[in-house]
Amino acid sequence: MGVPATTLGGTAADAVGLEALVRLLAGRGVVVLSGAGLSTESGIPDYRGETGSRRRGSPMTYQEFTGGAAARRRYWARSHVGWRTIARAEPNAGHRAVEQLRRSGHVAAVITQNVDSLHRAAGTRAAVELHGGLHRVVCLECRRTSPREELDGRLEALNAGFRAGSARVNPDGDAELPQELVDGFQVAPCTACGGVLKPDVVFFGEAVPKPRVQRCFELVDAAQALVVLGSSLTVMSGLRFVRHAARAGTPVAIVNQGATRGDDLAVARVGLPLGAVLTEAARRVRAGSPPA
Ligand SMILES: [Zn+2]
């Protein structure tokens, strides 16, 4: 048997949950659904949870963003600051353990609610980014996509001397800024057509593209188990996959520090830090597997 879960701390229930998680992973064909809690150890604050800052005010909606230049100026000024935190972040032990389990065939697919691209940075290139990615920008007129770095360089040049100091950053790359800084910010248009640029992420009030949702349902349908990592499942866009799996009789395990909306549907729950739990789970799976 492996090292008892008490080495990770936590309760007896966490130890039982971890054992169940390892059994599910050992059975292979696991689909992962990850959320902001997986990226907190990379220095990206969660909306909630112990390490997180509670968001003040609500995030910008798609309707506000497309509705006026002032809203877009506010978005891009705040995001120009927040992007620094996201772009600097590196995958943590949790992302690396998921990739290790994917390479060993225990994890079949990864769906993420995160827009930070840290699964990709850890090598999980096929991760389905349910809500898109901040590393890409899309033109709302000609639909051309371009790298965020390219826009970032243009915004830097247009806003020389723009200094935000220490701003509070949300996991969607939105930083809290005083209005006077926002007012002076220059926004950049699409270089191809002069149209409005939007980060290639799904805003509140905007639907996830249908083919992407369909792809996720297919992955969940094919899964032997669904493992939720670092999400409180507050938004329906993630919760629906947990409900779908549970309805089909597919076991659901949840690793999250704090209660989630899917807790009553889960066969296993671990409430400990993600990096440590996943590293330990991957170690036990490896120890228990016959050599490939
Ligand atoms: Zn364009």
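# A tour from helix α10 to the buried arginine

Begin by selecting T279, which is partly exposed with a relative accessible area of 40%; here buried means under 20% relative accessible area, exposed means over 50%, and partly exposed covers what lies in between, using a 1.4 Å probe and the protein chains only. The structure on screen is a predicted model, in which local features need pLDDT of at least 70 and side-chain atom pairs count only at pLDDT 80 or more, while totals for chains, interfaces and linings use all residues. Residues are numbered from 1 along each chain as its sequence is written, and side-chain values use heavy atoms, with hydrogens and water left out.

T279 sits in helix α10, residues 274-288, where helices are DSSP runs of H or I with at least four residues and strands are runs of E with at least two, numbered from the N terminus. Add A93 to the selection: its C-alpha atom is 6.6 Å from that of T279, although 186 residues separate the two along the chain. Leaving out residues up to four places away in sequence, T279 touches both A93 and A97, a contact being heavy atoms within 4.5 Å.

Stay in helix α10 and select R283 and E280, whose side chains meet in a salt bridge at 3.1 Å, N to O; the term stands for a side-chain nitrogen of Lys or Arg within 4 Å of a carboxyl oxygen of Asp or Glu. Because R283 and E280 are three residues apart in the helix, about one helical turn separates them. R283 is partly exposed at 30% relative accessibility, whereas E280 is buried at 9%. Elsewhere, R84, D152 and E156 are joined into one network by salt bridges that share partners.

Move next to helix α4, residues 93-103, where R103 and E99 are four residues apart and so separated by about one helical turn. Their salt bridge has its closest N and O atoms 3.1 Å apart, and it links an exposed R103, at 63% relative accessible area, to a buried E99, at 3%. Another pair to select is R120 and E129, which form a salt bridge at 3.4 Å, N to O, with R120 partly exposed at 30% and E129 buried at 8%. The whole structure holds 13 salt bridges.

Which arginine is buried yet has no salt bridge? Select R72 in helix α3, residues 69-88: R72 is buried without such a partner, and the nearest side chain of opposite charge, E141, lies 7.3 Å away. Apart from neighbours within four places in sequence, R72 is in contact with F65, T66, G67, V187 and V196.

Two loop residues come next. R143, in the loop between β4 (132-139) and β5 (145-147), has a phi near 65 degrees, a positive value in a residue other than glycine, and R143 is exposed at 52% relative accessibility. L233, in the loop between β7 (225-229) and α9 (236-247), also is not a glycine and has a positive phi of about 55 degrees, but L233 is buried, with a relative accessible area of 0%.

Finally, zoom out to the whole chain, whose secondary structure comes to ten helices and nine strands. Along its principal axes, the C-alpha trace spans about 60 × 35 × 35 Å, and buried residues make up 51% of the 292 residues. Of the contacts with a separation of 6 or more, 72% are between residues 24 or more positions apart.

Technical notes. Lys and Arg count as positive and Asp and Glu as negative; His and the chain ends are not counted.
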